[in-house]
Structure formats: C-alpha cells, structure tokens
Amino acid sequence: MHGPQQRDPRVPAQPPGPAAFRACAARKSPSSPESASTTTSAWIEAAPRASPKPSWTPSPAPCTWNTELAQPTTTARARRKRPLAPQRVRPALYRALDALTVPAVVQGRPLDVLAANPPGYALFADFASRPHCDRNFARFVFLGKAALSLYTDWERVAGDTVTGLRLYAGRHSDDPQLTEVIGELSLHSDTFRRLGADQDVRAHTTGTKRLHHPLVGDLTLDYVVLAAEDDPEQSLAIYAPEPSSPSAEALGILASWTSTSTTPAPASE
C-alpha cells in the first residue's frame with residue numbers, strides 16, 4: 001500500500017484539461033434541463049454579491065440563464081473575461097498538512113477537495129482516487145450514501161454546504177463548474193432543492209461535527225476553517241477532538257490504520 005510507486009496521498013492528480021470537464025459534463029447531463037435551469041437561476045438571483053466587509057447582503061446578480069442547458073446566456077458570457085484558472089495548492093499548505101496529525105482538508109472552488117492529509121482522507125473519503133468531477137464536497141454530501149451514515153447531524157451539514165455554495169455563487173455567478181454542480185444537485189437531491197430556498201449566507205468557520213465513522217465509531221470533532229491569504233478561494237479545514245477524549249483515542253486508532261497496508265473491518269453498530 002505504501003510502496004515506492006504509490007502517489008503522495010495528499011495530492012490529487014493533475015488538474016484536468018477541458019476534455020476531462022467535458023467528460024464529466026456528459027456523464028452528468030441533466031435529464032430535465034428546465035428544472036435544473038430554474039433552480040440555478042433562483043440561486044444566482046439570490047446569491048449575495050462579493051463585499052469587502054465580512055457581512056453579505058443578498059441582492060440579484062446581473063445574470064440570466066439558458067433554459068435549455070442551464071448555461072450562462074450571451075450576456076453572462078460577454079461579462080466573463082476568461083475561464084477561472086485551475087487551482088493549485090501552495091507549498092505552505094502542503095507543509096501544514098504534513099505537520100498536522102489530526103484530519104485536515106484543503107478546499108477550493110466550488111467546494112472542490114484539492115488536497116488532504118492521510119487522516120483527512122480516512123475520515124471522509126479517498127477523494128484523490130476519484131475522477132476530478134467527483135472531488136467535490138457538495139456532491140459527497142448530497143449524492144452519496146456515505147455522507148448520510150457518516151454525519152450524525154447530516155441535515156445541518158447539508159445546510160452549511162448549501163450556504164458555502166451560495167457564498168461562492170455571490171463571487172463567481174458565471175463559473176460553469178458552479179452551474180454544473182448546482183444543476184446536478186437540483187436534479188438529484190430533494191433536500192438540496194428544499195434547502196436552496198433558504199437565504200442564509202452566513203459563513204461557518206468554526207463549530208463542531210458529530211460523526212459515526214464506519215471503522216472507529218462515534219466522533220465529536222471541533223473544526224476551524226482558515227483562508228489562505230494569497231488565495232481566498234482556498235481554505236484549510238482542521239478537525240480536532242478534545243484531548244484525552246474517546247474521540248481522540250478513536251482518531252489515534254484511525255491514524256495508525258492509515259499508515260498500515262491492512263484495512264480493518266468496520267466497527268460494529
């Protein structure tokens with residue numbers, strides 16, 4: 001498992017080119033474009049515009065959407081200067097991941113998982129081994145069964161995830177990756193459509209997560225989200241237990257398993 005040919009578990013594969021995104025879009029093409037475009041339009045109209053202050057004020061964004069493909073219309077395309085460049089994790093963030101013994105994840109836009117340390121991948125999912133279009137935290141929360149069983153308070157996590165997407169939409173309403181994520185979630189998740197009507201745009205940078213991990217059982221972890229100074233679209237989320245708590249002991253066991261080649265059996269219910 002940790003032979004000389006194994007890729008660094010923190011580092012996902014190289015950012016994909018246009019062909020990879022086209023393949024993802026084809027695999028996830030909407031079966032009901034009208035439904036997706038209606039929901040996407042509502043998101044964009046409700047998204048807060050970027051502000052230099054820490055508060056956000058919901059206001060309509062000057063963008064309309066094509067009802068056939070849930071893509072920006074000519075007006076929005078004309079406003080877009082160029083596609084957003086692929087994000088690359090800074091060396092300083094990799095060093096921070098190396099130094100941390102608790103789970104840590106680097107997130108980018110729009111809620112893409114850019115990197116993690118081994119405990120981070122072990123806690124959530126091995127995003128590095130997934131196709132690029134599936135390395136997204138919003139998709140993980142709303143479209144997979146693993147998140148439903150992992151999060152004890154899944155509904156709250158889902159709401160926080162919707163808030164994160166809405167905040168991003170206020171800054172990059174014409175990002176085609178955002179349009180794809182919102183359209184896909186709108187088509188396949190009733191909960192996402194329901195929570196999408198909420199106008200909450202408060203950023204959650206600290207709090208507590210309660211999880212039930214399939215290998216080590218119940219965990220209560222405090223988290224903090226730190227923005228990268230040179231790239232505010234990248235953030236480092238760190239998850240830490242109370243010292244000497246059962247959660248700390250369980251995380252220690254999980255961390256020891258990530259450094260071995262033997263995969264243990266899931267914890268009994």
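In the predicted model, helix α4, spanning residues 91-99, lies across four strands of the sheet, namely β1 (104-107), β2, β4 and β5 (231-240), and the direction of α4 makes an angle of about 0° with that of β5. A further helix, α8 (residues 154-171), also packs on the sheet, where α8 touches β3, β4 and β5; the direction of α8 makes about 130° with that of β3.

The sheet against which these helices are placed is open and consists of 5 strands, arranged in the order β2-β1-β5-β4-β3 with antiparallel pairing. The edge positions are taken by β2 (113-116) and β3 (206-213), each of which has a single partner strand, so that one side of each is left without a neighbour in the sheet. From one strand to the next, the twist averages 25°. In the protein as a whole, 11 helices accompany the 5 strands.

The edge strand β3 is joined to β4 (residues 217-228) by 8 bridges, the two strands running antiparallel, and together β3 and β4 form a hairpin in which 3 residues lie between them. Among the pairs that define the register of this hairpin, T206 has V224 in β4 as its bridge partner, while L211 stands opposite L219 of β4.

Strand β3 also contains H213, a residue whose surroundings can be described in some detail. With a relative accessible area of 3%, H213 is buried, because this value falls under the 20% limit applied to buried residues. A polar atom of the H213 side chain lies 2.7 Å from the backbone oxygen of A122. When residues up to four places away in sequence are not counted, H213 touches A122, L123, L150, L219 and L254; A122 therefore appears both as a residue in contact with H213 and as the residue whose backbone oxygen lies 2.7 Å from the polar side-chain atom. L219, which is also touched by H213, is the residue of β4 that stands opposite L211.

Buried residues make up 46% of the 269 residues in the protein. In soluble globular proteins, nonpolar side chains tend to be buried together. In the present model, the largest nonpolar core has 42 residues, and those with the most contacts inside it are F124, F137, F140, F142 and Y151. Helix α8 gives the most to this core, with 7 residues. For F142, one of the residues with the most contacts inside the core, the residues touched are W154, A158, T161, V162, L185, S189, T191, F192 and L195, again not counting residues up to four places away in sequence. Apart from this core lies another, of 12 residues, which includes V89, V102, A115 and L236.

Helix α8 is also packed against helix α9 (residues 176-188), the axes of the two coming within 11 Å and crossing at roughly 145°. The crossing in which α8 passes α9 is left-handed. At this contact, L165, Y168 and A169 of α8 meet L178, V181 and L185 of α9, and L185 is in addition among the residues touched by F142. Across the protein, among contacts with a separation of 6 or more, 61% are accounted for by residues 24 or more positions apart.

Particular backbone geometry is found in two of the loops. In the loop between β1 and β2, where P110 is placed, a cis peptide bond joins R109 and P110, with omega of about -25°. The same loop holds L111, a residue other than glycine with a positive phi, near 65°. L111 is buried, its relative accessible area being 16%. A positive phi, near 60°, is likewise present in S244, also a residue other than glycine, which is placed in the loop between β5 and α11 (246-258). In contrast to L111, which is buried, S244 counts as exposed, at 79% relative accessibility.

Key
Residues are numbered from 1 along each chain as its sequence is written. This is a predicted model: local features need pLDDT of at least 70, side-chain atom pairs count only at pLDDT 80 or more; totals for chains, interfaces and linings use all residues. Side-chain values use heavy atoms; hydrogens and water are left out. Two strands pair if DSSP finds at least two bridges between them. Axes are lines fitted to C-alpha atoms, for helices over the stretch in contact, and angles run from 0 to 180 degrees between N-to-C directions. Contact means heavy atoms within 4.5 Å. A nonpolar core is a set of buried Ala, Val, Leu, Ile, Met, Phe, Trp, Tyr and Cys residues joined through side-chain atoms within 4.5 Å. Buried means under 20% relative accessible area, exposed over 50%, partly exposed in between (1.4 Å probe, protein chains only). A polar contact is a pair of N or O atoms within 3.5 Å; within protein, one must be able to donate a hydrogen and the other to accept it, and residues adjacent in sequence count only if both atoms are side-chain atoms. A crossing is left-handed if the near helix is turned anticlockwise from the far one by less than a right angle, and right-handed if clockwise.
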